[in-house]
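Work through the exercises below with the structure in view, trying each task before reading its solution.

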Amino acid sequence: MRFQTYIKQLVCLLLAAALPLVLLAGCGQKDAADSGKASEDANGPVKQEEPAGAADTILWINGLYAVLTELNGWDYTVFGGMEPNAVTKKMMAQMLDEWWGVTDRDTAIENMDWLLTEGHRGEFAELMALLDEEGLAAYSEEENAAYLGEIFADETEGAFVARAYEAYKEKGPHAIDGWDLCRAMSLLGWYYVADYYTESEALDKSLEVAQVIQKTFSSWDDLMDSYFLGYEYWSSEDSAPRRAVYEDIKSQDGSPYSLPWDLPLERSWEAAPSVPGTSIPEDGAAAPQGGGAEAVPTGATLESTDSGTAYVKDFGSYTVPAGWVELDGGLSGKYFYLPEDQQDEEYPDNISVESGSNRYAAEDHIQFRQAIVSQLSAQIQGLDATLLGDGTFTDAGDYLYAFTITEPDVTTRQYYVVGDQKYCLIHLTSFTGAQEAFDAAAQIASGFQWAV
């Protein structure tokens, strides 16, 4: 059973390329409850006067993060956990800055968008799929825990990752969705208290997310199982204390968990003019947009300009910057380009372009990326080399992944444009390290369009 010791770090690196910088502080920190800080209004928790008919819907929404509210010593019957005033506004703003890197409305929206479209469940799904590829399914949880404990140099972390993998085998890549979504709901209430969102904005967004959660899970217990699993995966700590809080809240009078899971959730407050940020995908997963531009017909003639030459091949078209020349003919469907001033050198910088087929549909781009990571990781094993990854879209809206392998004397960068059961590979080999070569490869990759 083989597993690269840096796989988890590589997965985090690939994800980081898609995250706003401010999120790097928030996504790795513990929740406010874990800081040991509990705060109440100076006069104790104050019950809000809810709009007529809204009480049950808001209490149901509050139930999505009632465990954390209780751990913080706040009031889970109040939206956001406390009545907003000058004292609680300042306290909440400080807590959001310290634990989430949220300092204003813009960073609040960025954090919310990350939680709703990616969150820790994105890393979870990728890591679990990599463990699948490494063959861990053939072993018991105990065997995997011992093995992963050695890989991570931490027996506790290995045990919790192995436990998460067992849940993944049973429930699939969405096993910890409840963790991200419940935390998103807590943030919405806190944004209101901190005055980053208006009450209507926070309630409208909460209602939108709550309705998706209600469709995604079958009961309070089903949701909380997902939440606790995500907590254990993220923190490598036992969720038993939080489960005990959940059970305690369930037994209390006026508990949100006494409300039926399928309670009709309705707005009875004044609607906000607009809801901040992106909408949550109904399957709880990331939803990148792509595939917008029109493909170029095979055989079309494109003109050369001062900025470069457009080439049309049977699989697609792309533009090579000025100063680069194509070698005569293609080698088994692979086309090579060299800088004009390096044609006579023994080891010139060069870019190759080729297309291939695979079993992955465009919508399965994450699995395709995982396969590439595994392959490249195996290739550099034992070498003095580092592997970095990035992800974005082409100008045409197709998924585009880039992988850079740095060795002492050469750097290679591979761009993969993802299509339906096909890909285009733009492969740069740089011996000089000249920035022009990297810029040229990036231009070819970003401008690539599939043939009709």
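**Exercise 1: Strands in an open sheet**

Strand E1 is joined by 5 bridges to strand E2 (residues 316–321), and the two run antiparallel. The model is a predicted one, and this pairing is the starting point for the following task: find in which order the strands of the open sheet lie, and which strands are at its edges.

Solution. Begin with the order of the sheet, which is open and made of 3 strands placed as E1-E2-E10, with antiparallel pairing. Next, look for strands that pair on one side only: these are E1 (308–312) and E10 (449–450), the edge strands. Finally, fix the register of E1 and E2 with one example, since the bridge partner of Ala-310 is Thr-319 in E2.

**Exercise 2: A strand between two partners**

Task: describe how strand E8 (residues 411–419) is paired, and work out why it can be called largely enclosed.

Solution. On one side, 7 bridges join E8 to strand E7 (residues 399–406), and these two run antiparallel. Here Tyr-401 has Tyr-416 in E8 as its bridge partner, and the hairpin formed by E7 and E8 leaves 4 residues between the strands. The next step is the pairing with strand E9 (residues 422–430), which is joined to E8 by 9 bridges and is also antiparallel to it. In that pair, Arg-413 stands opposite Leu-428 in E9, and the hairpin has 2 residues between its strands, with Gln-421 in the turn showing a positive phi of about 55 degrees. The last step is burial: because 8 of the 9 residues of E8 are buried, the strand is largely enclosed by the rest of the structure.

**Exercise 3: A helix and one of its buried residues**

Task: compare the span of helix H14 (residues 365–379) with the expected value, and then decide whether Gln-370 is buried or exposed.

Solution. The helix has 15 residues and reaches 21 Å from its first C-alpha to its last, which is close to the 21 Å expected at 1.5 Å a residue. The buried residues of H14 include Phe-368, Ile-372, Val-373 and Leu-376. Gln-370 also lies in this helix, and because its relative accessibility is 5%, it counts as buried, the cut-off for buried being under 20%. To see what surrounds it, leave out residues up to four places away in sequence; Gln-370 then touches Ala-125, Glu-126, Ala-129, Leu-130 and Glu-133.

**Exercise 4: Reading the salt bridges**

Task: take three salt bridges, and say for each one where its two partners lie and how accessible they are.

Solution. A search of the whole structure finds 15 salt bridges. In one of them, the side chains of Glu-232 and Arg-163 meet at 2.9 Å, N to O. This pair links distant parts of the chain, with Glu-232 in helix H12 (residues 220–235) and Arg-163 in helix H9 (residues 155–171), 69 residues apart. Glu-232 is buried at a relative accessible area of 6%, whereas Arg-163 is partly exposed at 35%.

The second pair is Asp-204 and Arg-267, whose closest N and O atoms are 2.8 Å apart. Here too distant parts of the chain are linked, since Asp-204 belongs to helix H11 (residues 199–216) and Arg-267 to the loop between helix H13 (240–250) and E1, 63 residues apart. Asp-204 counts as buried at 5% relative accessibility, and Arg-267 as partly exposed at 43%.

The third pair is Lys-169 and Glu-166, which meet at 3.2 Å, N to O. Because they are 3 residues apart in helix H9, about one helical turn separates them. Lys-169 is partly exposed at 37% relative accessibility, and Glu-166 is partly exposed at 24%. Beyond these pairs, Arg-121, Asp-177, Asp-180 and Arg-183 are linked in a network of salt bridges.

**Exercise 5: Judging confidence**

Task: decide where the coordinates call for caution.

Solution. Start from the overall value, a mean pLDDT of 81, with 81% of the residues reaching 70 or more. Then compare the extremes: confidence is lowest in helix H2 (residues 23–26), at a mean of 28, and highest in helix H10 (residues 177–193), at 96. Over residues 1–31 the pLDDT stays under 50, although the model has 81 contacts there beyond four places in sequence. Residues 33–53 are also below 50, with 43 contacts beyond near neighbours in sequence. Where pLDDT is low, the predicted coordinates should not be read in detail.

Note on methods
Residues are numbered from 1 along each chain as its sequence is written. This is a predicted model: local features need pLDDT of at least 70, side-chain atom pairs count only at pLDDT 80 or more; totals for chains, interfaces and linings use all residues. Side-chain values use heavy atoms; hydrogens and water are left out. Two strands pair if DSSP finds at least two bridges between them. The expected span of a helix is 1.5 Å times one less than its number of residues. Buried means under 20% relative accessible area, exposed over 50%, partly exposed in between (1.4 Å probe, protein chains only). pLDDT is the predictor's confidence in each residue, from 0 to 100. Contact means heavy atoms within 4.5 Å. A salt bridge is a side-chain nitrogen of Lys or Arg within 4 Å of a carboxyl oxygen of Asp or Glu.
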